[in-house]
Amino acid sequence: MRESAMRHYVYRTVKCLMIFLALAPFQANSPAQNRPKQPPSKPAGQVSPAIFAVSQSGADSYLDPIVVVIGGRYTKPPSGMEDAAALSRFAGRYYKAGQTYSLFFGGGRSGKVTVREWLGKSGDCNRSMAGVSLNTTAKIEGKVMGLATNVDSLGRRESSRRMPTPAERASVMKLAQRAYTQKGASGPQLQNLRTINMTAMDLDGDGGSEIVASFVLKRKGGKDARALFLIAEPRGADYRESFARYNVIADTDLPGGASLDDIEDYVLAEILVDQLDLDRDGKGEIIAMDRGFEGVTYRIYKRQKGQWRRVYEFHSYKCAY
């Protein structure tokens, strides 16, 4: 019986093999086999995030490029000094009329930005910027700015940006006064200390608010102005200095004919643009702007190993003073 069963098994196996070989040519030419392979779907996150400052002056609103994040690395966009061809390529990609971007305020989505026109077509100033229209409830005007990007996934947090409470403001003002005193300012001179702006934001989602503030102290007679950019972090019911950048502008540093007394304070000091979680680690980076006489310098600050560090700097040319 075993031998008979084995012969039967071999017979069936050989028969099946012969049928397979007979049908193989037809299967090889079947429509399913000849159908071209579909290209693999594009992995998510392939779009490089481009980050723009959003500002408004009166009825006019603008986009100004800050950084393009390529493969996790900060890459500088056109600065406005490039030739027309390079700027045109950038504008062709990012400044097409009707192109829309997500607007972020306080690290969270707060509306839309729609491109109206590339400003570089009409003159030598602001060549890397675009005129836009805003659809947002955020109060963007003058020194209060926002951010826009082509990648929505950067801002999945709730917006966090507000005016400090009187107690928070008093605590941070003490830090500023101490910083100026350490740099040699006297008590009477501190009477002229002015706050340019002060903003409270929860940057790491822990329920406490960090404060970003800018100050300027002008010496009488227009000899110099001393600017302070400060990041303060909560410590119990009070605040402590976490980062400070102190800068002195002398009257001799100004373009011919300019006077420190005639220049608005925010032109002399580094001020907050906004915060945004650029690397998706759950903590917002601080983006600031230092307005000079021929352009602006953008800086990105990130908390690394317990300290705030400047991780990016980019100068964008606008026009001579």
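**Rings, a helix and a disulfide**

Visitor: Which word fits Phe90 and Tyr95, buried or exposed?
Guide: Phe90 is buried, and Tyr95 is buried as well, where buried means under 20% relative accessible area, exposed over 50% and partly exposed in between, with a 1.4 Å probe and protein chains only. This is a predicted model, in which local features need pLDDT of at least 70 and side-chain atom pairs count only at pLDDT 80 or more, while totals for chains, interfaces and linings use all residues. Residues are numbered from 1 along each chain as its sequence is written, and side-chain values use heavy atoms, with hydrogens and water left out. The word that fits Phe90 and Tyr95 is therefore buried.

Visitor: How many aromatic pairs does the structure hold?
Guide: Rings of Phe, Tyr and Trp (its six-membered ring) pair if their centres lie within 6.5 Å, and planes under 30 degrees apart count as stacked, over 60 as edge-to-face and the rest as tilted. By that rule, the number of aromatic pairs in the structure is nine.

Visitor: How many residues apart are Phe52 and Tyr101, which form an aromatic pair?
Guide: Phe52 and Tyr101 form a tilted pair, with 5.3 Å from centre to centre and 50° between the planes. Phe52 belongs to strand E1 (residues 50-57) and Tyr101 to strand E4 (residues 100-105), where strands (E, at least two residues) and helices (H or I, at least four) are DSSP runs numbered from the N terminus. The pair thus links distant parts of the chain, and the separation is 49 residues.

Visitor: Why does Tyr101 count as buried?
Guide: Its partner Phe52 counts as buried because its relative accessibility is 0%. Tyr101 counts as buried for a similar kind of reason, because its relative accessibility is 2%.

Visitor: What kind of aromatic pair do Phe90 and Tyr95 form?
Guide: The ring centres of Phe90 and Tyr95 are 5.6 Å apart. With 85° between the planes, the pair is edge-to-face.

Visitor: Which residues are buried in helix H4?
Guide: What covers the buried residues of H4 includes strand E8 (193-201), strand E9 (210-218), strand E10 (224-235) and strand E11 (238-250). The buried residues themselves are Glu168, Ser171, Val172, Met173, Leu175, Ala176, Ala179 and Tyr180.

Visitor: With which residues is Leu175 in contact, leaving aside its neighbours within four places in sequence?
Guide: Leu175 lies in helix H4 and counts as buried because its relative accessibility is 5%. The C-alpha atoms of Leu175 and Leu230, which are 55 residues apart along the chain, are separated by 8.7 Å. Contact means heavy atoms within 4.5 Å, and the residues in contact with Leu175 are Leu230, Ala232, Tyr239, Arg240 and Glu241.

Visitor: Which cysteines form a disulfide?
Guide: A disulfide is a covalent bond between the sulfur atoms of two cysteines. It is counted here when a pair of cysteine sulfur atoms lies within 2.5 Å, and a search of the whole structure finds one. With sulfur atoms 1.7 Å apart, the cysteines are Cys125 and Cys319.

Visitor: How many residues apart in sequence are the parts that Cys125 and Cys319 tie together?
Guide: Cys125 lies in the loop between strand E5 (108-118) and strand E6 (130-136), whereas Cys319 lies in the segment after strand E15 (307-317). Cys125 counts as partly exposed because its relative accessibility is 32%, and Cys319 is partly exposed with a relative accessible area of 27%. The parts that the pair ties together are apart in sequence by 194 residues.
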